[in-house]
Amino acid sequence: MTWRERLMDVRPLRSSRPFRELWLGSSLGSLGHQIATVAVLAQVWELTHSPLWTGAIGLASGVPLMLLGLVGGSLADALDRRALVRVTTAGQLVMGAGLVAQAAAGNRSVLLLLALIAAESGCSALGAPARRTFPVRLLPADQVAAGLALQNVVFQASMLVGPAFGGVLLAQWGYSVAYAVQALAEAASLIAVIRLPAMPALKGDDLPASDGRGGRRRPAQGGWRIILRRPTLWGSFATDLAATLLAMPIALFPLINEVRFDGNPRTLGLFLSSIAVGGLGAGLFSGTVTRLRRSGVVQLAAAAVWGLALAAFGLAGPLWLALGCLAIAGAADTVSVVTRGALVQLETPDRYRGRVASVEHVIGSAGPQVGNFRGGLLASVTSAPVALLVGGLTATLAVVAVALVNRPLRDYRTPSELEEPPSATPDQAMAATADPG
């Protein structure tokens, strides 16, 4: 592999105009989301000064994701996916305007703030499974991992810039301006979705799914069971769930910041930005990862490093060491997300992708939110360092357990540019079971 191939793979931006526009719109939307994340975290802390309530932010976001995420998967396999994402993105924009209004009105109710977060999360949950299927429909099979890496790079870049920018907005102009910037970014994301081509779910290679009589489309049967029937899928999901549910640190950042670093709001932003620095660094060399075919092993290793790095963060005293541990965790997270996303999309036939993507979204989005609540709850009865140490080590042990029992995931290889991804018939998909030993 040459040094050029080790750098960020930008082929998807050259080969697909719709993907390029989606990538740009999503970049702005991600930046707005990171600004809002800091604003919500700071506002809840200002209203309550309680790690339990900052953990409740995760619960407010996670519960709608779990309740509506699977519904969004069924909708994605029954409706035009672009139309679904249009509606749900518009809903997120409305909720973003609500956050602006409550801040401008001087809201002192943490429950109202959490209700708006929950509603925005619900809109995201309904549209996220369909949104996750866009890269594999817009790009050739051998560029899917590269496309996901590009999306992750801008996510990490927004984590790097967004929290710091959000901290400046909060310090200079307050919550309402920070939320207004988020709303504008969400509007840009909506425009990018509107410009996409129609994307009905496919029942075969190129035919829209229907009821067989030319009537309303409906999803093919067996969409949920395919996950349990394919060890590569359930193993990948279990790995991500172990990492996020057991070792998510964000809810503990305000308490760690107050105990060790005098509660400086700029330090709070640096915690989030450090994760982004590591993720961005890994993204800049994403060609190394996207061209590796042993993606199952790569995901398992990255998830284990994530847990160990966060356990070390719990023990770190100096600021430079704490930020370094978070940077390592961010790099591991980027590698894990990219490899998992490509594996799941390529292993799943299109007619099932909406529902499988909904499970991926629930685990990838609700898992961290519930994990934040778990961390806040544990820290409220022990301490933030103990919660981080226990969570990180437990997550690493859980990942090792998945690796030991799931040989198909360890042996999985992504298709090369000369191979086609799996496209089994429904009966074949249900029967596709590998040796679990």
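Is Arg 340 buried or exposed? With a relative accessible area of 5%, Arg 340 is buried, because anything under 20% falls in that class. Keep in mind that this is a predicted model, so everything here is computed from predicted coordinates.

**The overall picture**

Let's step back to the whole chain. The fold is built from helices, 20 of them, with zero strands. The chain has 437 residues, and 55% of them count as buried. If you take contacts between residues at least 6 apart in sequence, 85% of them join residues at least 24 apart. On the outside, the chain exposes about 17500 Å², with 66% of that supplied by carbon and sulfur atoms.

**The nonpolar cores**

Inside, the largest nonpolar core counts 77 residues. The residues with the most contacts within this core are Tyr 179, Phe 253, Phe 271, Trp 306 and Phe 313. Helix H16, spanning residues 319–347, gives the largest share of this core, with ten residues. Another core of 16 residues lies apart from it, and Leu 84, Phe 134, Val 193 and Leu 196 are among its members.

Phe 313 deserves a look of its own. Setting aside residues up to four places away in sequence, Phe 313 touches Phe 253, Ile 256, Arg 260, Phe 271, Ala 322, Cys 325, Leu 326 and Leu 388. Two of the names on that list, Phe 253 and Phe 271, are also among the residues with the most contacts inside the largest core.

**Back to Arg 340**

Arg 340 sits in helix H16. Who keeps this buried arginine company? Leaving out neighbours within four places in sequence, Arg 340 is in contact with Arg 132, Ser 236, Asp 240, Gln 299 and Glu 360. Ser 236 and Asp 240 belong to H11, and Gln 299 belongs to H15; these residues also take part in the contact between those helices.

**How some helices pack**

Here are three helix pairs side by side.

| Helix pair | Axes come within | Crossing angle |
|---|---|---|
| H11 (residues 231–247) and H15 (residues 295–315) | 10 Å | roughly 5° |
| H12 and H15 | 11 Å | roughly 30° |
| H12 (residues 253–261) and H18 (residues 384–405) | 9 Å | roughly 125° |

Start with H11 and H15, which are roughly parallel to each other. From H11 the contact uses Ser 236, Thr 239, Asp 240, Ala 243 and Ala 247, and from H15 it uses Gln 299, Leu 300, Ala 303, Trp 306 and Leu 310. Sorted by class, that makes six nonpolar, three polar and one charged residues.

H15 also meets H12, with axes that cross at roughly 30°. Since angles under 35 degrees count as roughly parallel, H12 is roughly parallel to H15. Phe 253, Ile 256 and Arg 260 of H12 make this contact with Phe 313, Gly 314 and Leu 315 of H15. By class, there are four nonpolar, one polar and one charged residues in it.

What about H12 and H18, whose axes cross at roughly 125°? That angle makes H12 oblique to H18. Leu 255, Ile 256 and Arg 260 come from the H12 side, while Ala 384, Pro 385 and Leu 388 come from H18. This contact has five nonpolar residues, no polar ones and one charged residue. Ile 256 and Arg 260 of H12 turn up in the contact with H15 and in the contact with H18.

**A few individual residues**

His 49 lies in the loop between helix H3 (17–48) and helix H4 (51–76). Most residues other than glycine have a negative phi. His 49 has a positive one, near 50°. At 53% relative accessibility, His 49 counts as exposed, because the cut-off is over 50%.

Ser 27 has its place in helix H3 and is buried, at 16% relative accessible area. Its C-alpha atom is 9.9 Å from that of Glu 186, although 159 residues separate the two along the chain.

Pro 265 is in helix H13 (residues 265–284) and counts as exposed at 59% relative accessibility. Pro 265 and Pro 254 are eleven residues apart in sequence, and their C-alpha atoms are 8.7 Å apart.

Gly 317 is in the loop between H15 and H16. Its relative accessible area of 43% makes Gly 317 partly exposed. From Gly 317 to Phe 261, 56 residues away along the chain, the C-alpha separation is 9.7 Å.

Terms used: Residues are numbered from 1 along each chain as its sequence is written. This is a predicted model: local features need pLDDT of at least 70, side-chain atom pairs count only at pLDDT 80 or more; totals for chains, interfaces and linings use all residues. Side-chain values use heavy atoms; hydrogens and water are left out. Helices (H or I, at least four residues) and strands (E, at least two) are DSSP runs, numbered from the N terminus. Buried means under 20% relative accessible area, exposed over 50%, partly exposed in between (1.4 Å probe, protein chains only). Contact means heavy atoms within 4.5 Å. Accessible areas come from the Shrake-Rupley method with a 1.4 Å probe; for residues, only the protein chains shown count as cover. A nonpolar core is a set of buried Ala, Val, Leu, Ile, Met, Phe, Trp, Tyr and Cys residues joined through side-chain atoms within 4.5 Å. Axes are lines fitted to C-alpha atoms, for helices over the stretch in contact, and angles run from 0 to 180 degrees between N-to-C directions. Angles under 35 degrees count as roughly parallel, over 145 as roughly antiparallel, 65 to 115 as roughly perpendicular and the rest as oblique. Ala, Val, Leu, Ile, Met, Phe, Trp, Tyr, Cys and Pro count as nonpolar, Asp, Glu, Lys and Arg as charged, and the others, Gly among them, as polar.
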